[in-house]
Every structure is written in structure tokens, then in C-alpha cells.
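Here's a quick walk through a two-chain model, written for someone who'd rather look at geometry than read a long preamble. Have the viewer open and follow along.

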Amino acid sequence: MTAILTVRGLDARIAGQQVVEGASFEVAEHGVTALLGRNGVGKSSNIKALLGLYERSGEVTFAGERIDRLMTHRIVQRGIAYVPEDREVFGGLTVEENLRLAERGGAPNRGIVAELFPELIQRAKQQAGTLSGGQQQMVSLSRALMNDNRLLLVDEPTKGLAPLIVGTVTKALEAAAERTPMLLVEQNLQVVRALAHSVIVLSGGRVVHTGPAADFLDSDLVHRHLGVSTDEEAA
Amino acid sequence: MSTVLLLLITGIGLGALYFLVASGLSLIYGLMGVLNFAHGSFLTLAGFLGWEVGRRIGDGTWAGLLTGMLVGLVVGAVVAALTELIFIRPLYNRHIEQVLVTVGLGLASVALFEGIWGTDPIQIRLPEWLGGTTDVLGANIPNDRWLLIATAVVVLVLIVLFLQRTSYGLVIRAGVENRTMVTALGIDVRRAFTIVFAIGGAAAGLGGVLASVYYGQVGAHQGTSLLIYAFIVTVIGGLGSLTGAAIASVLVAVIQQFANFYLGGTGDLAIVLALAAVLLVRPTGLMGKVKH
């Protein structure tokens, strides 16, 4: 596997407390790599740490370049887009302003928003804070997908969404992953099964398993590391 | 009736002065999480330099005053931007240290101003019309209040237009909501910090010159005393809210005027009680929001 992102010995702290401990993993340059683990194990913290949103140390290499000493905006400008947990749209701005704010470079792809989420075009003048959770997730995804990125970091994109919206979001992610590699944090294992080619499993802040997604999801490691069985996943 | 009208309009005039100081404070805190204790220094320095230049152009003339206002605006903006670049930026994300630096700057600058211009306030000359009054339904309104109100309205409109119509305004509005997410979109939010400091400094600088019009003097402690009221306004209005600062400025000043007149000079006590009441009922202030 050729890696677009390599993480070696990543540590991160919030207010002096360690939230990521010596994480080492790679993200493939094609397809979706899922970052899995039980609640509170540090999945989101890993993403935030490699983006520089948390105080961190260790080695993070993106497309051959060390980025662990760069500020967050510089990392993003290199082509890494972030879709945060809980969407984090700017509620006081309109949908159109949220998208305009996210535009980078000369030719943002507004067409992809119309293609994947036509609803947003109709709601362009609506304040993002008044949108439903699913619509806010569409805004959050659009902010990432409209730029020409080289890696997507997507954190719990289906969390708290209605099943119908989960399907829409999953299709959008599938379409995005055809063009851009993705590191996906996701609790919904059906979504993981639909999208991911490989998995990285965290436990106690450390990486405890890496490998093909299908092999992991069909093994009893799911129960050991995530606390769910393959039957529960199907349910 | 005429007394109530007089108190109301003079209160709005004083509120205009508070707004010029509080608008910058509120924007700076909203975007950067920094309570800027050096803000009063921008005001004082702009007041002194505006007066120094203005009196050389024409002491007691409109040309002198308008030039002084322009000088105050520019001085406020430049000094504030330099403060951000030299003292605040190196302490990025270290809010306690940033606040301590501004406290130090505020204290040191007062000593510097006293060293240059002396400890006693200096009486200034104003255009004759500003010393007169205008009859409004039987109330004789001091003319300088109209200048204060008009300037504050223009500043409010310009800041709102900047925030609503420009790309940096968009970044600032987003940053006030969620600064971390702005950086996560690949935007260097530090540029917005400098711009917000400059805008706040410009408004405070203008306020410094107009404070000297309001009080009829310039002094080394002018900024410090106004800063206290501006902080109260900022907290009551809601940290980070320009609209909140505008509303709270008028409310605080009007309450102050009425309490001073009807309750035996208890204006300061009244606004502190108003502050306590707002914090108890609505801790985020009138228009403040819970930040991410």
C-alpha cells in the first residue's frame, strides 16, 4: 500500500492531559481508510492532532512533506480537508456564506454541491444555524468537497442523522472517495463496510490493529475492540 | 418632560462615546478571546495626538477638530495594529499572557502620557457651535452630543458594512462564532486579528478625540476611566456582539444619566447593578452567544 499520510509516534495533549499516545498509522493514497475504536478512545483527537488543532508532537508526513510543525491553515492549504464531528457550520452565516468561506484557490467546484446536495442551492440564503442536522452535514461536507483536495479527514459524518440522510451522506462520501483518499472516523459499521477498504483500530489511545476492512469486520476482533458483534452491526 | 428629553438625548450622546470604545473591545474579544486592557491607551494617545495636530491646524475651529478626528482615527488604527503584531501575535493561543501584556501596556502608557503631557488634564478649545445648545421640545441639548451621536452612527454603519460586505468581514463574523473551524478551512485567522485590532483601535481613536470634545479636556487618564464603562457595556451587550455593544452603550449611558439626576448621583452604582442583573439573568449578555 502506498501512503498519502504517514503518522509516527503522534502524541497530543489538551490542557496538559494526553489524549493521543504514540499513534502510528498510514492512510492509503486511494480509497477510504476507517479509523475505528470505542467511544473516547481518541479517534477524533488523532484527526485534530494531525491537523494541528491540538498541541502535538511526533512525525506526520503528507505526500512526502513533514507537516507536524505547520499551523492548521497551512496544513489545510496543502490539500487536506476536514469535516468535523458535529458539523460545526457557522450558524450565524447563510449557507452560501458558509460555502464561500470554504473556497480555496482559483476554481472551487460549486457544481459538486448542486450535484450531491441540490437542496443546499435552494437554501443558499438560509442561516445555517436554522438547518436540520442532516442539512448542516451537507454544508459541512460541501465545504470539504468543493475544493481540489488530496486527502479528506471525515469525523463521524453520520452521527445523529436520520437513516434516510445517512444514505445520502454515504453516497456523497462514496462519490468523493472515488476522487480523493479519505480517513474516516465512523461508529456506524454498515457505513464503514460500505465505504472502507482498510481499517485502523485504536484502543487505549494506541493503534492495536490495521488491515483490510472486510477481514476486520468479519472477524471477532470487532467484538474485542469495538464491543459489538457482527450480528449487532447487521441489526 | 424637557428634563427627561434632555437626560435621554445626553445619555444617547454619552452612549455614543461608550460605543466607540466598546465596539472594538467587543469585536476583539469575540474573535480572539482577548480582553484588551490597552484599549484605553489607544484612546488616550489618539486624543492627545488629535488635539496636538488639530490645534496647529486651527485651534477652536472645525478644520482643526475634523483634522484631529482624522488623526485620532489613524493613530488608533496604527497603534492598535502594531500592538497586535508586536505583543499579541507572539502569544497566540496564550490568552492569559495576552491579557497580562495588555494590562502592562495600559499601565505603562499612562505613565508615559503623564511624562509627556503632564498629570493634569489640558483644557481644549472647540468650535463655537459645539459649546452651544439646540432647543428640542423645550430641552436645551448641548450641541456636542449631536456630533457624538452622528459619529457613532457612521462608525456603526461602516463597521456593519465592512462585516457584511467584505471577505475579511465574513472571516471575522465566522471567527467570532468558531475561530478553530475558520483555521480548519485553511484561513489564516491571524490576519483577521490584526484587522479587528485596527478597526477597534480606529473607533477608539475617534472616541479619544470625541471624549476630549465631551469633557472639554484631554488627559492621561481619559482612556482608563472610559475603558471601565466600555467593559461594562461590552459584557452587558454580550462579548463579541457589535449590535449588543450598540444597544448596551445607549442603555448604560441613559441609566447612568437618569440615576445621576433622579437618584442623587448614583449613576455608577446603577450601571454596576444593571451589570449584575444582566449577568444573573443572562450570563452571555443581551446579544451574546455561547462560543465553541
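Let's start with chain B, whose elements run α-α-α-α-β-β-β-α-α-α-β-α-α-α along the sequence. That makes 10 helices and 4 strands. Its radius of gyration is 19 Å, close to the 19 Å that the globule rule gives for 292 residues, so chain B is as compact as a globular protein of that length. Keep in mind that all of this comes from a predicted model.

Chain A has 11 helices and 10 strands. For its 235 residues, a compact globule would have a radius of gyration near 18 Å, and the 17 Å of chain A agrees with that. Here are the two chains, one per row, with boxes taken along the principal axes:

| Chain | Helices and strands | C-alpha box |
|---|---|---|
| Chain A | 11 helices, 10 strands | roughly 45 × 45 × 35 Å |
| Chain B | 10 helices, 4 strands | roughly 55 × 45 × 35 Å |

**Inside chain A**

The domain assignment splits chain A into domain 1, made of 3-79 + 149-234, and domain 2, which covers 89-147. Over C-alpha atoms, the centres of these two domains of chain A are 23 Å apart. Where they touch, 12 residues of domain 1 of chain A meet 9 residues of domain 2 of chain A. Which helix gives the most to the domain 1 side of that contact in chain A? That's helix α7 of chain A (residues 163-179), with 5 residues. By class, the domain 1 side has 9 nonpolar and 3 polar residues, and no charged ones.

Now for a sheet in chain A. Four strands line up as β2-β1-β4-β5 in an open sheet of chain A, with antiparallel pairing. β2 (17-28) and β5 (65-66) of chain A sit at the edges with a single partner strand each, so one side of each has no neighbour in the sheet. Strand β1 of chain A (residues 3-14) pairs with β2(A) in the antiparallel sense over 8 bridges. To find the register in your viewer, look at Leu10(A), which stands opposite Ala23(A) in β2(A), and at Leu5(A), whose bridge partner in β2(A) is Val27(A).

The hairpin of β1(A) and β2(A) has 2 residues between the strands, and there Ala15(A) takes a positive phi near 50 degrees. Helix α1 of chain A (residues 43-50) lies across β1, β2 and β4 (55-62) of chain A, running at about 105 degrees to β1(A).

**Where the chains meet**

How many residues does each chain put into the contact? Chain A brings 19 and chain B brings 15. On the chain A side, α2 (72-77) and α3 (95-102) of chain A each supply at least two residues. Sorted by class, that side of chain A has 9 nonpolar, 5 polar and 5 charged residues.

One helix pair is worth zooming in on. α3(A) packs against helix α6 of chain B (residues 167-183) at an angle of about 105 degrees, with 10 Å between their axes. Angles of 65 to 115 degrees count as roughly perpendicular, and α3(A) and α6(B) are therefore roughly perpendicular to each other. α3(A) makes the contact through Glu97(A), Arg100(A) and Leu101(A), while α6(B) uses Leu170(B), Val171(B) and Ala174(B). By class, this helix contact has 4 nonpolar and 2 charged residues, with no polar ones.

Note on methods. Residues numbered from 1 in each chain as written. Chains lettered and ligands numbered in written order. Predicted model: local features only at pLDDT ≥ 70, side-chain atom pairs only at ≥ 80, totals over all residues. Contact = placed C-beta atoms within 7 Å. Nonpolar A, V, L, I, M, F, W, Y, C, P; charged D, E, K, R; others polar. Domains from an automatic or database assignment. Axes fitted to C-alpha atoms, helices over the stretch in contact; angles between N-to-C directions. Parallel < 35°, antiparallel > 145°, perpendicular 65-115°, else oblique. Pairing = 2+ DSSP bridges. Rg over C-alpha atoms; globule rule 2.2 N^0.38 Å.
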